[in-house]
Structures are given as structure tokens and as C-alpha cells.
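Hi,

Here is the structure I promised to pass on. Have a look at it first, and then read on for what turned up.

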Amino acid sequence: RPAFDRLDPLSLDDLLSAEEIAIRDTVRSVLADRVQPQVAGWFERGEVEKPRELIRTFGELGLLGMHLDGYGLPGLSSVDYGLACVELEAVDSGVRSMVSVQGSLAMFAIWRFGSEEQKQQWLPPMGTGEAVGCFGLTEPDHGSDPGSMRTRARKDGGDWILDGTKMWITNGSIADVAVVWAQTEEGIRGFVVPTDTPGFTANTIKHKMSLRASVTSELVLEGVRLPADAALPDVTGLKGPLSCLTEARYGIVWGALGAARSSYETALEYSRTRQQFGRPIGGFQLTQAKLADMCLELHKGLLLALHLGRRKDSVGLTPEQVSFGKLNNVREALDICRTARTILGANGISLEYPVIRHMNNLESVLTYEGTVEMHALVLGQALTGENAFGAQR
Ligand code: FAD
């Protein structure tokens, strides 16, 4: 009988192929070498050093558009991508966000809805990290309700003219290309906007206490003139951005558990070495109960992520299934980080340990890509048939 492994108590590795384990372990070891040592410093300073070099490192590793195929992209499975998201977020949610936005939002939008010319132009350099992308949906006054967005695209001869402001846009100030969603006479459409187009400005958002190792920006579009072929041809309406979000949320279902794993392992180790009242704090029943609950939720979450990943690779997922995963796994991951924080006592608030960084980061993850409340409402609607979002559309 195999021995109990406290880092893999359910023997989940047995559910992975040798190739999947090899991909996970490679990503883990490259990140440990090249990113992990710097990340707490970036968080402390609120600035990622050389973000464009970082994204090229991720390109070399094959992490950008990892589960997309064609155009020189790796075409790996959704489970491979999920396993990579865990490793990225075990380093920092900001690092995982950089990869998610590039691959699952900006690249996915072009890959899924773009013209052949748009794909040829952008997907190969975005896959290597030579070109950086961002995804502009949220506005200062419209977050959970993007259908009310004010950004407008109007036709002027053969061109499009875009005006509006997008807010909280990951990678915005380092991007070469922005996928911007705007109202048109036909409904919401996506536009591929090179960021050097006159009238386009990106301003970095300061004073964040979460995702500090990630670039977040405001995008201002003032009379941005684009050729007719800048619009994504293959989608009109909110289903365009929402299907990109479903794609990116899938990565979060896995990724959030990376932050949780890092916090859990830190707390477990700490509980075995920290002594109070002459014995390790891991010997106290209250600490053991906390560790047991963290262990349960972390590994239940991983089982859920793996189940969703296998279904995505076989029959596909419904948006409600992705909401199920995002709601559960981000909420539980945050709870695990908060509990780990208590086990570390005063050390829990120090950046010498990763726990408070993960905890603060997950406050953003709980809110972005659909707040925890919106995902509860998605499930609530699916369960009851009643739309509780507010205004009926
Ligand atoms: P609001 O929509 O104003 O919500 C405020 C509160 O009201 C929440 O608790 C919400 O759940 C609740 N609420 C709203 N409506 C209802 C309702 N009908 N019923 C019950 N409760 C409700 N956006 C992008 O487009 N691209 C990005 O790259 C991006 N990156 C981000 C990075 C960071 C670090 C952060 C913090 C955000 C990012 N976002 C991005 C924006 C993010 O997606 C939005 O913040 C999110 O959708 C929530 O919108 P909001 O902040 O405007 O909150």
C-alpha cells in the first residue's frame, strides 16, 4: 500500500499522464529558477521589472496560447494549460494573470473570432511573447454589466472611429495590441487596436494593494481611427467577450489553487517548525483542524478542476460549469490563504512569506472575470430559471 503523501493526499498525480506531469514539472522548475526569486520584490515595489522580457520567457516555455492550435501555437490540452496555471499562480496571481490575459483573452478573441489576416498578423508574435496583448471590456462605470458599456465605434467612410475609456485592463500599458469591445449600430463588436494608433493612451493604475506584480491600466480612446478590417468579423453581441471570459475563467479555476497550494504548504511547514509552549504549533488541535480543512478544500478543488479540464477536452463545458468552478475554487483558495495567514501569526503579514501576497492577490481574482456574486447568480439562474441580475433584458 503506498504511503500517505501530505502534499498529494488523494494521489491525484495518479490521474495525470506522464506527459502531463512532465509539463507541470518543467513549468514549476523554470518558474522557480527565473521568476520566483524576484516576485516578492516586484509585489513590494508595485512594479514588475522588465515585464516584456518576462512575457518572452513565458513564450519560450510555450505558455502563451498554450491550448490554442495553428499559427505556430502549442495546441496542448486544457488539462495541460490548467496544470501550468497552477504553477504560475503558485508563484503569483499577477504572473498567471499576465499569461491568462495574453493567451485566453487577447489571443483567444483573435483566434476564435478574427479574420485570417488578423490571425496571421498577431497570433505568431503573441505566442512567442514578442507582441503583448490586452483585453478591454470593463469601463469605469460598467463592470459586472458590460452590456451597458459606453465605448462607441462609429463608421466614417470605410473606417471605424472609437471613443471611450476602459478601466482595470491587465497588461494595458505594455501592450502592442488591445482587443477593445465597443457598441456599434449592429451591437457590441470587438476591435483589434494597435496601441500606437493616434488617440490611444494607456495609463498605469497605481495604489493597488492586490496584484501588485501585474500591470493594470486605464485605456483612453479618443477618436481612434481604424481601417474597416480592424473589427473582429465573426461575432456581434455580448456573447463575443463573454465566450472569451469563459475561456479565461477556466484557467482561474485551476490557477487560484496554485496560490492556495503555496499558502497551504507554507503553513504546513511553518506548523512543523514553529514552537510555542514548548512544542510545534502543528501539535495543537486547533492548528490541525485548520490544516485538515485547508487540505480538504485544496484537493477537492483540484479534483473539480481536473474533472472540468477532462470534460473541456472531451465534450466541452457549459458557462455554468465554469462558474461553478470559478466560484468554488477562488472562494476556497482565498479562505485557505486567510487561514494560512493565521497559522503564521505575525509572520503571516510579512512579505518574507508568500501568504499575505497570495491572500491580497486573490481579492482581485475573486472580483475579476465575474465577481463571486455574479457567478452565484449565474448558478442561481441555472438552478431556478429566474434571472436575479436586476434589469430584465
Ligand atoms: P461592480 O460591477 O461595480 O460590482 C460591485 C459589487 O456589486 C460587486 O460585489 C458585484 O458582485 C455587485 N453586483 C453588481 N451587480 C450585481 C447584481 N446584479 N446582483 C448582485 N450583486 C451585484 N477587466 C477587463 O475588461 N480586462 C482586464 O484585463 C481586467 N483586469 C483586471 C485586473 C484587476 C487587478 C482587477 C481588479 C480588475 C480587472 N478587470 C478587467 C475588471 C474586472 O473584470 C471588474 O472589476 C469586474 O468585472 C467587476 O466590475 P466592477 O469592479 O466594476 O464592480
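Helix H5 (residues 93–113) is the biggest contributor to the lining of the largest cavity, giving three residues to it. Keep in mind that this is a predicted model. The full lining is made up of Val48, Leu54, Gly94, Val95, Met98, Asn171, Ile174, Ala213, Ser214 and Val215. Sorted by class, that lining comes out as seven nonpolar and three polar residues, with no charged ones. The space inside the largest cavity is about 60 Å³. A search through the whole structure turns up one cavity of 30 Å³ or more.

H5 also has a helix partner. The axes of H5 and H7 are 9 Å apart, and the two helices pack at an angle of about 155 degrees. At that angle, which is over 145 degrees, H5 is roughly antiparallel to H7. Their crossing is right-handed. If you want to click through the contact, go to Ser93, Arg96, Ser104, Leu105, Phe108, Ala109 and Phe113 on the H5 side. Facing them from H7 are Gly240, Ser243, Cys244, Leu245, Glu247, Ala248, Ile252, Gly255 and Ala259. By class, this contact between H5 and H7 holds nine nonpolar, five polar and two charged residues.

H7 comes up again in the second largest pocket, which has a volume of about 370 Å³. Helix H1 (18–34), helix H4 (78–91), helix H7 (239–273) and helix H8 (285–314) are the elements that each give two or more residues to its lining. There are 19 lining residues, and Asp13, Arg24, Arg28, Arg261 and Leu302 lie nearest the centre of the pocket. And what classes do the residues of that lining divide into? There are 10 nonpolar, one polar and eight charged residues.

One more helix pair to look at: helix H9 (residues 319–343) packs with helix H10 (residues 355–367) at an angle of about 155 degrees, their axes 9 Å apart. That makes H9 roughly antiparallel to H10. Here the crossing is left-handed, whereas the crossing of H5 and H7 is right-handed. From H9, the contact takes in Lys326, Val330, Arg331, Ala333, Leu334, Cys337, Arg338, Ala340 and Arg341. H10 brings Val355, Ile356, His358, Met359, Leu362, Glu363, Val365 and Leu366. The class split for H9 with H10 is 11 nonpolar, one polar and five charged residues.

Cheers

Note on methods:
Residues are numbered from 1 along each chain as its sequence is written. This is a predicted model: local features need pLDDT of at least 70, side-chain atom pairs count only at pLDDT 80 or more; totals for chains, interfaces and linings use all residues. Side-chain values use heavy atoms; hydrogens and water are left out. On a 1 Å grid over the protein atoms alone, a cavity is a set of points where a 1.4 Å probe fits but cannot get out, and a pocket is an open set with protein on both sides within 12 Å along at least five of seven lines; lining residues have an atom within 4 Å of a point. Grid points are joined across faces, edges and corners, and a volume is the space filled by probe spheres set on the points. Helices (H or I, at least four residues) and strands (E, at least two) are DSSP runs, numbered from the N terminus. Ala, Val, Leu, Ile, Met, Phe, Trp, Tyr, Cys and Pro count as nonpolar, Asp, Glu, Lys and Arg as charged, and the others, Gly among them, as polar. Axes are lines fitted to C-alpha atoms, for helices over the stretch in contact, and angles run from 0 to 180 degrees between N-to-C directions. Angles under 35 degrees count as roughly parallel, over 145 as roughly antiparallel, 65 to 115 as roughly perpendicular and the rest as oblique. A crossing is left-handed if the near helix is turned anticlockwise from the far one by less than a right angle, and right-handed if clockwise. Contact means heavy atoms within 4.5 Å.
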